[in-house]
Amino acid sequence: MSERVIVNDVGPRDGLQNQAKHLSPGERVRLVQALLAAGMDHVEVGAFVSPKAVPAMAGAAEIVAALQGTPGTLSVLIPNMKGYELALAAGARVMAMVVYATDGMARANVGRDRAEVDAATAEILERARQDGVSVLTTISVSFECPFEGPVDPQVVQDAADRMLDWGTARFIVADTIGAAAPDAVASMMSDMVGRHGAGRLGCHFHDTRALGLANVYAAANAGVRYFDASIAGLGGCPFAPGATGNVATEDVVMLLERLGLDTSIDMPALLRAADLAKDLTGTAPGGRAGTWLAQAFREKAS
Ligand code: COA
Ligand code: ZN
């Protein structure tokens, strides 16, 4: 039996939030269902954020309602207590909160500084404990910030200590602008896994400098067993200048399986989900290994 690794598809949220073309809630539900049909049991399905700030994410309540009762860990992004309340009322039971390694990124994203976001997160974690809701915490710009430059790894380690202590279900280290290099990832994640174990940790990489997969490899070698990825490489953050797509789910699955880990994901069905992402958006780049994967699994990629 090979060791299980979780791949969480954030395409319907991180992937779609920045697209010029806004998909309807119904189209986003179809994309989530295609991912579930491929055996993906962790998907970030939307965001309860201000529709003025991120118009592409409008209609999250409709998405959560349509997916009610679906097995799997379906999470929604929330930026504040208002988002928590709206998500809870819609029926969401797994929420994803973002904290920040720099004040510059916190202000650009949610108009608050790091300390204010941390305080809001503490309140949300306390409230979630009472409601039986699980909260994932992602730390944005863990390696480099578009406004403040290189980040001191100690800032991220301290945030991990704090959030895990406050009861987050998982602490996810995000390279929001795709600026990390594998040596820095190896060093940060081996320290973190050494101190906390891998069970409640995860990583989130963007492929801006073509190092996304190398960074997944470095983190997997350091013992990380949970990775965010985005179907067909969709993505980019609207508030982080220069951020391009997440590392593509189909490439990450290929790499993790090659390392002997078990993703429980069916590649032909995953390629159908990637085709749907491309059809719906017209702009999804597709995985770097897309051509080979399509041939190897005898499924047409287009
Ligand atoms: N969902 C929906 N609406 C929300 C909201 C939420 N979670 N939080 C606040 N709002 C509404 C308020 O009700 C208010 O509405 P009104 O203008 O009709 O009265 C308006 O947004 C402004 O509220 P305020 O508390 O002053 O927020 P803000 O203008 O400082 O915006 C955020 C802060 C967090 C709401 C906004 O920046 C946001 O949604 N950011 C999301 C960023 C994101 O998703 N980034 C990608 C993730 S990496
Ligand atoms: Zn991201």
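His204 and His206 are both buried (under 20% relative accessible area, where over 50% is exposed and in between is partly exposed, with a 1.4 Å probe and protein chains only). This is a predicted model, in which local features need pLDDT of at least 70, side-chain atom pairs count only at pLDDT 80 or more, and totals for chains, interfaces and linings use all residues. Residues are numbered from 1 along each chain as its sequence is written, chains are lettered from A and ligands numbered from 1 in the order in which they are written, and side-chain values use heavy atoms, with hydrogens and water left out.

**Zinc site**

- Those two histidines bring their NE2 atoms to the zinc ion (ligand 2), and Asp14 joins them through OD, with distances of 2.0 to 2.1 Å.
- Donors here are N, O and S atoms within 2.8 Å of the metal (3.2 Å for Na, K and Ca); water is not among the atoms, so the site may look incomplete.
- Along the chain, the spacing of the donor residues reads D-x189-H-x1-H.

**Helices α8 and α9**

- Helix α8 (residues 182-196) packs on helix α9 (residues 212-221) at about 25°, the axes being 8 Å apart; axes are lines fitted to C-alpha atoms, for helices over the stretch in contact, and angles run from 0 to 180 degrees between N-to-C directions.
- Helices (H or I, at least four residues) and strands (E, at least two) are DSSP runs, numbered from the N terminus.
- The pair is therefore roughly parallel (under 35 degrees; over 145 is roughly antiparallel, 65 to 115 roughly perpendicular and the rest oblique).
- On the α8 side, Pro182, Val185, Ala186 and Met189 make the contact, and on the α9 side Ala214, Asn215, Ala218 and Ala219 do; contact means heavy atoms within 4.5 Å.
- Buried residues of α9 include Asn215, Ala218 and Ala219, and their helix's cover includes α8, β8 (170-175) and β10 (226-229).
- Just after α9 comes Gly223, with a positive phi near 105°.

**Two buried residues elsewhere**

- Pro12 sits in helix α1 (residues 11-15) and counts as buried, at 0% relative accessibility.
- Setting aside neighbours within four places in sequence, the contacts of Pro12 include Arg28, Leu31, Glu44 and Met57.
- Pro12 and Met57 are 45 residues apart in sequence, yet 9.0 Å apart in space, C-alpha to C-alpha.
- Thr137, in strand β5 (residues 134-140), is buried too, at 0% relative accessibility.
- With neighbours within four places in sequence left aside, Thr137 touches residues including Met97, Met163, Arg170 and Phe171.
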